[in-house]
Amino acid sequence: MKNVLIIGSGLGGLSTAMRLASKGFKVEILEKTAKAGGRLNKIEKDGFTFDVGPSFFSMSYEFEEFANECNIKLPFEYVELDPLYTVNFSGSTRKFYLYKDIDKLSAQFADIEPDFKDKFERYLKKAGELFHDTVNVVIKQNFDSIPAYLAALVQVNPIHLPVLIKSFWQQACQYFSSSEARQIVSLVAFFLGRTPFDTNAVYTLLSYTEFKHNGYYNVKGGMYKIVEGLVAELEKAGVTFKYNTEITNFTEKNGKLSSVIDQNGKHYTADIFVVNADAAWFRSKILGRKKYSPEKMAKMNWTMGYLTFYLGIDTKLPQVEHHNYFLGNNYETYAKNVMHDPNTLEKPYYYVNVVSKHNTDCAPEGKEALFFVCPVPNLIFKDQWNDRDKIVDSIIDDFSNRIGKDIKPLIISRTVLTPIEWQNEYNLYKGAGLGLSHSMMQIGALRPANFDEKYKNTFYVGASTIPGAGLPMAIISSKLTAERVEKYNNK
Ligand SMILES: Cc1cc2nc3c(=O)[nH]c(=O)nc-3n(C[C@H](O)[C@H](O)[C@H](O)COP(=O)(O)OP(=O)(O)OC[C@H]3O[C@@H](n4cnc5c(N)ncnc54)[C@H](O)[C@@H]3O)c2cc1C
C-alpha cells in the first residue's frame with residue numbers, strides 16, 4: 001500500500017487520515033502549529049479551557065457515518081442543543097429562545113407575528129425541499145469537470161430556479177413580516193461567513209438543518225474532545241504526527257509532487273500528498289500558481305474575519321444560556337456593511353458561548369468560561385488591529401449592560417484573537433475565518449478542486465475546497481478526497 005503525507009491536522013486532515021488508515025494506507029501528518037485541530041482548537045489558560053473556533057455542529061449523522069465507514073466507534077460524545085441558541089435585541093430585555101419545538105418557538109411571536117407558526121412551517125417545508133433536492137446531487141459529489149457539475153445542476157428540480165436569483169434576506173422577507181422574525185431566521189447566513197444580503201436563498205436549507213432535519217450538537221467536555229478522540233484513534237491505527245512543521249516549499253518530478261519541504265529545509269517524500277492547508281492559499285503561496293496570483297486571490301470572494309476573545313470570570317452567570325446572539329437595532333445597515341466597513345465596530349453584534357455551562361470541567365468551581373465571536377471585516381478591509389482592546393472593552397460593557405451584571409472587574413483571564421492571529425496561526429488568507437465564501441461562482445466544480453491541476457498524486461481537503469466550510473462539511477470533504485486518493489491508488 002502507498003504512503004500518504006497529509007499537510008495540516010484540521011478536522012479535514014484528521015478525518016481523511018482516519019479514512020485512509022482504515023483502508024490500509026500508511027499515513028503521516030505534518031502540522032504547522034504545536035497541536036492538532038486547526039480552527040477546531042482549545043485554549044487552556046488560568047485554570048479555564050475554551051473552545052477556540054467551532055462551538056457546535058450540525059448534521060451529526062455525518063460523524064456517525066464517518067465512524068462506521070472507518071470501523072471505529074465515534075471517539076467523543078455529543079449532546080443535542082435545545083434551545084439551539086437565544087437571540088437578544090438591543091434596547092429590549094426580551095430574549096427569543098430558538099426552540100426546536102415549533103409551538104414553543106411560535107408562542108414567542110404571538111404579539112408581533114401571530115401567524116408565525118404557519119409561515120415558519122411553510123418556510124421550513126421549502127428549505128427542506130431545497131436540502132433534499134441538492135445535498136446528494138451537488139454537495140456530496142466529486143465533479144471531474146465544470147460540464148459534469150453543470151450536468152448535475154440540471155438534475156435539480158427546476159421548481160427551485162426562482163430561489164437561485166434571490167438572497168437569503170429576500171427569501172426571509174417573502175415569508176415573514178416582522179423585523180424580529182426576519183432577523184432571527186436569516187441569522188444562520190452569518191454561520192457561512194457572509195451575511196443574509198449576499199448569501200443566496202438556496203442556503204435557507206440551513207434553517208431546515210438546524211430546526212428540523214437534525215439540529216445542533218455540543219461535545220461533552222468541550223469541542224476539542226473531537227480532536228483528542230480522533231488523534232487517539234489515529235495513533236492506534238499507526239498514523240504518525242509531526243508538529244511545529246510548516247511546509248514552505250516543494251519539489252516535483254514527472255508531473256507529480258515528489259517532496260514537500262519544511263521551514264528548516266527538511267524534505268518529506270511520499271507517494272501521495274493531501275493538502276489540508278487552505279486549498280486556495282496553498283496553490284497561491286506554496287505552489288505559485290498563476291490562477292491564484294496575489295491579484296487573483298484578492299479578487300476572490302472571501303468570508304468575513306472574526307474577532308474572538310476568551311474570558312474567565314470569577315462568578316457564575318445563571319441569566320445567560322449556553323449559546324447567545326446579541327444584535328443591535330440596525331440589522332440591515334449593519335449586515336450590509338459588516339464585511340467591509342470597520343465603522344460597524346462602533347456598535348458590534350456578537351455571539352457569546354458560556355462554555356462552562358454544560359462543560360463544568362472548563363472552569364474552576366464558581367467561575368465561568370466565556371467565548372465571544374464578533375464578525376469583522378477581514379484583513380483586506382481592515383488590516384490594523386491596534387484598536388482591538390477598545391473594541392473588546394466596548395463589547396464587554398455592552399454585554400454587562402444587557403445581562404445586568406458588570407463582569408469587567410470579575411475578569412481573571414483574557415485572551416484576544418484578531419484576524420491577524422487567525423491568519424498567522426493557521427495560514428488563513430487575510431484572516432478570512434471560514435476561507436473562501438460560498439457564492440454561487442465558488443461552489444461545486446467552481447470552488448478550488450480537491451485534486452491538483454498539475455500533480456496527479458496531490459489532493460486537497462477542507463473548508464476552501466469542496467463542499468465548503470463547517471465541521472460536517474470537513475467530514476464530507478474527507479470522504480470525497482479519500483475517494484479520489486483510492487481511485488488514483490487503484491489505477
Ligand atoms: C471563530 C470560528 C467559529 C466557528 N464556528 C463553527 C461552528 O460553531 N460550527 C462549525 O461547524 N464550524 C465552525 N467554524 C468553521 C470550522 O472551524 C472550519 O470550517 C473547520 O474547522 C475547517 O477545518 P479544515 O480542516 O478545513 O481547516 P483548518 O482547521 O484550518 O486546518 C488546516 C490545518 O492546516 C495547518 N496548516 C496550514 N498551512 C500549513 C502548512 N504550510 N504546513 C503545515 N500545516 C499547515 C493549519 O495550522 C491547520 O491546523 C468556525 C470557524 C471559526 C474561525
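Helices and strands here are DSSP runs, a strand being E over at least two residues, and they are numbered from the N terminus. With that in hand, let's work through some exercises on this predicted model.

**Exercise 1. Work out where Val416 sits, and whether Val416 is buried or exposed.**

Step 1: find the element. Val416 belongs to strand β18, which runs over residues 411–417.

Step 2: count neighbours. A residue is buried if 20 or more other C-beta atoms lie within 10 Å of its own, and exposed if 12 or fewer. Val416 has 16 other C-beta atoms within 10 Å, so Val416 is partly exposed.

Step 3: list the contacts. Leaving out neighbours within four places in sequence, Val416 is in contact with Phe309, Arg388 and Val392.

Step 4: take one distance. Ser22 is 394 residues from Val416 along the chain, and their C-alpha atoms are separated by 39 Å.

**Exercise 2. Do the same for Asn3: which residues does Asn3 touch beyond four places in sequence?**

Step 1: Asn3 is in strand β1, residues 3–7.

Step 2: with 13 other C-beta atoms within 10 Å, Asn3 comes out as partly exposed.

Step 3: beyond four places in sequence, Asn3 touches Phe25, Lys26, Ala270 and Asp271.

Step 4: now look at Thr269. Asn3 and Thr269 are 266 residues apart in sequence, yet their C-alpha atoms are 9.1 Å apart in space.

**Exercise 3. Check the overall fold: what radius of gyration does the protein have, and what would a compact globule give?**

Step 1: a compact globule of 491 residues would have a radius of gyration near 23 Å; the protein has 22 Å, which agrees.

Step 2: get the extents. The C-alpha trace spans about 70 × 55 × 45 Å along its principal axes.

Step 3: look at the inside. Buried residues account for 48% of the 491 residues.

Step 4: look at the contacts. Of those between residues at least 6 apart in sequence, 71% join residues at least 24 apart.

Step 5: tally the secondary structure, which comes to 16 helices and 19 strands.

**Exercise 4. Split the protein into domains and describe where domain 1 meets domain 3.**

Step 1: the division gives domain 1 (3–34 + 243–300 + 438–490), domain 2 (40–55 + 81–100 + 304–433) and domain 3 (103–214).

Step 2: the C-alpha centres of domain 1 and domain 3 are 30 Å apart.

Step 3: their contact takes 10 residues from domain 1 and 12 residues from domain 3.

Step 4: sort the domain 1 side by class. The side touching domain 3 has 6 nonpolar, 2 polar and 2 charged residues.

**Exercise 5. Describe the shell around the ligand: which residues come nearest?**

Step 1: 36 residues are around the ligand, and Gly8, Gly10, Gly12, Gly38 and Gly462 come nearest.

Step 2: by class, the shell divides into 17 nonpolar, 15 polar and 4 charged residues.

Step 3: map the shell onto elements. α1 (11–22), β14 (305–313) and α16 (471–490) each supply at least two residues, and the largest share, 3 residues, comes from α1.

Step 4: map the shell onto domains. Domain 1 and domain 2 each give at least three residues.

**Exercise 6. Follow helix α4: where does the helix bend, and what covers its buried residues?**

Step 1: α4 covers residues 116–139 and bends by about 25° at Asp133.

Step 2: its buried residues include Phe116, Phe120, Tyr123, Leu124, Ala127, Leu130 and Phe131.

Step 3: recall the geometry. An α-helix has 3.6 residues a turn, so residues three or four places apart point the same way.

Step 4: find the cover. It includes α3 (102–107), α5 (146–155), α6 (161–164), α7 (168–175), α8 (179–186) and α9 (205–213).

**Exercise 7. Hunt for unusual backbone: where are the cis peptide bonds, and which residues other than glycine include a positive phi?**

Step 1: Asp82 and Pro83 are joined by a cis peptide bond with omega about 5°. Pro83 is in the loop between β5 (78–80) and β6 (86–89).

Step 2: Ile466 and Pro467 are joined by a cis peptide bond too, with omega about -5°. Pro467 lies in the loop between β19 (458–460) and α16.

Step 3: Asn244 has a positive phi near 50°. This residue is in the loop between β9 (240–242) and β10 (247–253), and counts as partly exposed because it has 13 C-beta neighbours inside 10 Å.

Step 4: Lys430 has a phi near 50° as well. Lys430 is in the loop between α15 (419–426) and β19, and is buried, with 21 other C-beta atoms within 10 Å.

Key. Residues numbered from 1 in each chain as written. Predicted model: local features only at pLDDT ≥ 70, side-chain atom pairs only at ≥ 80, totals over all residues. Near = placed C-beta within 6 Å. Helix = DSSP H or I, 4+ residues; strand = E, 2+ residues; numbered from the N terminus. Nonpolar A, V, L, I, M, F, W, Y, C, P; charged D, E, K, R; others polar. Domains from an automatic or database assignment. Rg over C-alpha atoms; globule rule 2.2 N^0.38 Å. Contact = placed C-beta atoms within 7 Å. Bend = angle between axes of the 7 residues up to and from the residue.
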